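Here is a short briefing to keep beside the structure while you look around. It starts in the sheet and then moves outward, topic by topic.

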Amino acid sequence: MAPKGDNVVVSNMKLERMLSMKGGKGEASYANNSQAQALHAKSMLHLLEETLDVAQLNSPEVPFVVVDLGCSCGNNTIYIVDVIIKHMIKRYEALGSEPPEFSAFFSDLPSNDFNTLFQLLPPLANDGGSMEECLAADNHRSYFAAGVPGSFYKRLFPASSIDVFYSAFSLHWLSQVPECVLDKRSAAYNNGRVFIHGANESTAKAYKKQFQTDLAGFLRSRSKEMKRGGSMFLVCLGRTSVDPTDQGGAGLLFGTHFQDAWDDLIQEGLISSEKRDNFNIPVYAPSLQDFKEVVEAVGSFSINKLEVFKGGSPLVVNQPDDPAEVGRALANSCRSVAGVLVDAHLGDLVSEELFTRVESRATSQAKELLEQLQFFHIVASLSFA
């Protein structure tokens with residue numbers, strides 16, 4: 001049961017202790033609403049493999065260690081880790097070398113539904129078998145797995161212990177909503193909105209500063225944890241506009257029907273305008289320049305590749321001509337990534353009302369949604385400078 005909405009202001013809580021994609025296996029769970037992320041990740045596999053090709057190979061006696069940062073709780077992370085390890089095994093075999101043992105760490109915030117994730121993990125291949133036998137074993141994994149709870153904006157691993165870092169669709173989540181954004185006395189106060197999209201310049205600057213502070217902390221932590229010769233592949237929501245208040249696909253997801261649904265609740269007397277103004281989605285879609293500035297300022301990593309990649313729609317619908325299905329898909333997609341925060345802020349019952357209105361509004365604009373709702377991603381391949 002979520003906390004009572006009347007007594008909770010999400011911004012005053014430790015996001016690190018509560019932020020997560022919606023767990024379990026229900027209709028609005030992340031596990032059942034991350035097909036689009038899977039499609040986007042698969043479309044970028046050639047870029048991931050280019051990053052893996054520059055990772056230094058260990059001697060067979062030293063385990064090769066892979067980390068997914070922001071792994072969440074669905075099949076996507078298991079698929080990607082499997083791709084990474086199989087690619088590295090092929091590299092060893094191409095050199096006629098015996099592959100080492102592999103370890104994979106699945107890392108996310110403590111509130112992540114690790115139970116669902118671990119239930120999805122295939123069993124470990126039989127002990128004592130050769131690597132070839134492990135790979136030939138259907139529905140088995142050829143690596144040791146462990147979960148690591150904690151914020152990736154801080155240290156998570158021992159120094160010089162990780163060969164490959166992978167993180168996708170996570171770094172746009174900020175460690176916190178900037179305090180000034182929720183302060184009525186501040187020029188950055190995001191009055192009347194629950195997201196940066198369409199906000200004023202001061203609000204945009206506050207979000208950008210928070211993103212760059214967080215990314216710098218992320219890179220400094222990884223610079224201590226990654227082995228010399230290691231590599232890192234990062235994907236996050238991005239934008240093509242130079243204007244940070246134009247958040248592109250993220251703006252359409254959180255700044256249109258979602259925003260309007262909050263206004264509906266106010267007009268119907270279900271919440272106060274102050275209740276809405278005390279909530280903001282802690283997401284920032286950076287530009288290439290935003291991202292590049294931080295990497296260069298931190299100075300620990302060189303950029304092998306940094307580009308904007310068109311990921312497509314975040315909605316996967318079987319019947320795009322059915323407005324009701326499109327509306328349901330948008331509401332479930334929105335709820336799967338932001339529902340935990342909304343539940344905590346409004347309470348379960350009012351949160352249910354909010355997403356019912358999101359679905360209704362999206363249904364009425366289904367055709368426009370499918371045409372306009374397109375995501376762009378920042379894709380970065382980094383190695384030690």
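Val 67 stands opposite Phe 105 in strand 2, where strand 1 (residues 64–69) and strand 2 pair in the parallel sense over six bridges. Please keep in mind that this is a predicted model. The chain as a whole has 14 helices and seven strands.

**Strands 1, 2 and 3**

- Strand 2 covers residues 102–108, and six of its seven residues are buried, so this strand is mostly covered.
- To get from strand 1 to strand 2, the chain passes through helix 4 (residues 75–94), and this β-α-β crossover is right-handed.
- Strand 2 is also joined to strand 3 (residues 144–149) by six bridges, and these two strands run parallel.
- Phe 105 of this pairing stands opposite Ala 146 in strand 3.
- Phe 105 therefore turns up in both pairings, opposite Val 67 and opposite Ala 146, and you may like to find it on screen; as a general point, side chains in a regular strand alternate between the two faces of the sheet.

**Strand 5 and its partners**

- Is strand 5 (residues 226–238) largely enclosed or largely open? Eleven of its 13 residues are buried, so the rest of the structure largely encloses this strand.
- On the parallel side, strand 4 (residues 162–168) pairs with strand 5 over six bridges, and Phe 165 stands opposite Met 232 in strand 5.
- Strand 4, helix 7 (residues 201–225) and strand 5 together form a β-α-β unit, which is right-handed.
- Strand 7 (residues 375–384) runs antiparallel to strand 5, and eight bridges join the two.
- In that antiparallel pairing, Gly 238 stands opposite Phe 376 in strand 7.

**Nonpolar cores**

- The largest nonpolar core has 75 residues, of which Phe 218, Leu 219, Phe 254 and Phe 258 touch the most other members.
- Helix 12 gives this core its largest share, ten residues.
- A second, separate core holds 34 residues, including Leu 47, Ile 78, Tyr 92 and Ala 168.
- Which residues does Phe 218 contact, leaving aside its neighbours within four places in sequence? The contacts of Phe 218 are Leu 69, Phe 152, Tyr 153, Leu 171, Met 232 and Leu 234.
- Met 232, one of those contacts, is also the residue that Phe 165 stands opposite in strand 5.

**Two buried helix residues**

- His 345 belongs to helix 12 (residues 323–346) and is buried, with a relative accessible area of 0%.
- What does the side chain of His 345 reach at 2.8 Å? The partner is the backbone oxygen of Lys 275.
- Leu 369 lies in helix 14 (residues 366–372); its relative accessible area of 6% is under the 20% cut-off, so Leu 369 counts as buried.
- Beyond its neighbours within four places in sequence, Leu 369 is in contact with His 257, Val 326, Leu 330 and Ala 362.
- Leu 369 and Ser 313 are 56 residues apart in sequence, and their C-alpha atoms are 9.3 Å apart in space.

**Loop residues with positive phi**

- Ser 160 sits in the loop between strand 3 and strand 4, and its phi is near 50 degrees, a positive value in a residue other than glycine.
- Phe 169, found in the loop between strand 4 and helix 7, has a phi near 60 degrees, again positive in a residue other than glycine.
- Are these two residues buried or exposed? Ser 160 is partly exposed, with a relative accessible area of 49%, whereas Phe 169 is buried at 15%.

**The whole chain and its confidence**

- Of the 385 residues in the protein chain, 55% are buried.
- Among contacts with a separation of 6 or more, 82% are between residues 24 or more positions apart.
- The mean pLDDT of the chain is 85, and 85% of the residues reach 70 or more.
- Over residues 1–13 the pLDDT stays under 50, and the model has 28 contacts beyond four places in sequence for this stretch.

Key: Residues numbered from 1 in each chain as written. Predicted model: local features only at pLDDT ≥ 70, side-chain atom pairs only at ≥ 80, totals over all residues. Heavy atoms only, no water. Helix = DSSP H or I, 4+ residues; strand = E, 2+ residues; numbered from the N terminus. Buried < 20%, exposed > 50% of the residue type's maximum accessible area, 1.4 Å probe, protein only. Polar contact = N/O pair within 3.5 Å; in protein donor to acceptor, adjacent residues only side chain to side chain. pLDDT = per-residue confidence, 0-100. Contact = heavy atoms within 4.5 Å. Core = buried A, V, L, I, M, F, W, Y, C linked by side-chain atoms within 4.5 Å. Pairing = 2+ DSSP bridges. Right-handed = clockwise from strand over helix to strand, strands pointing away.
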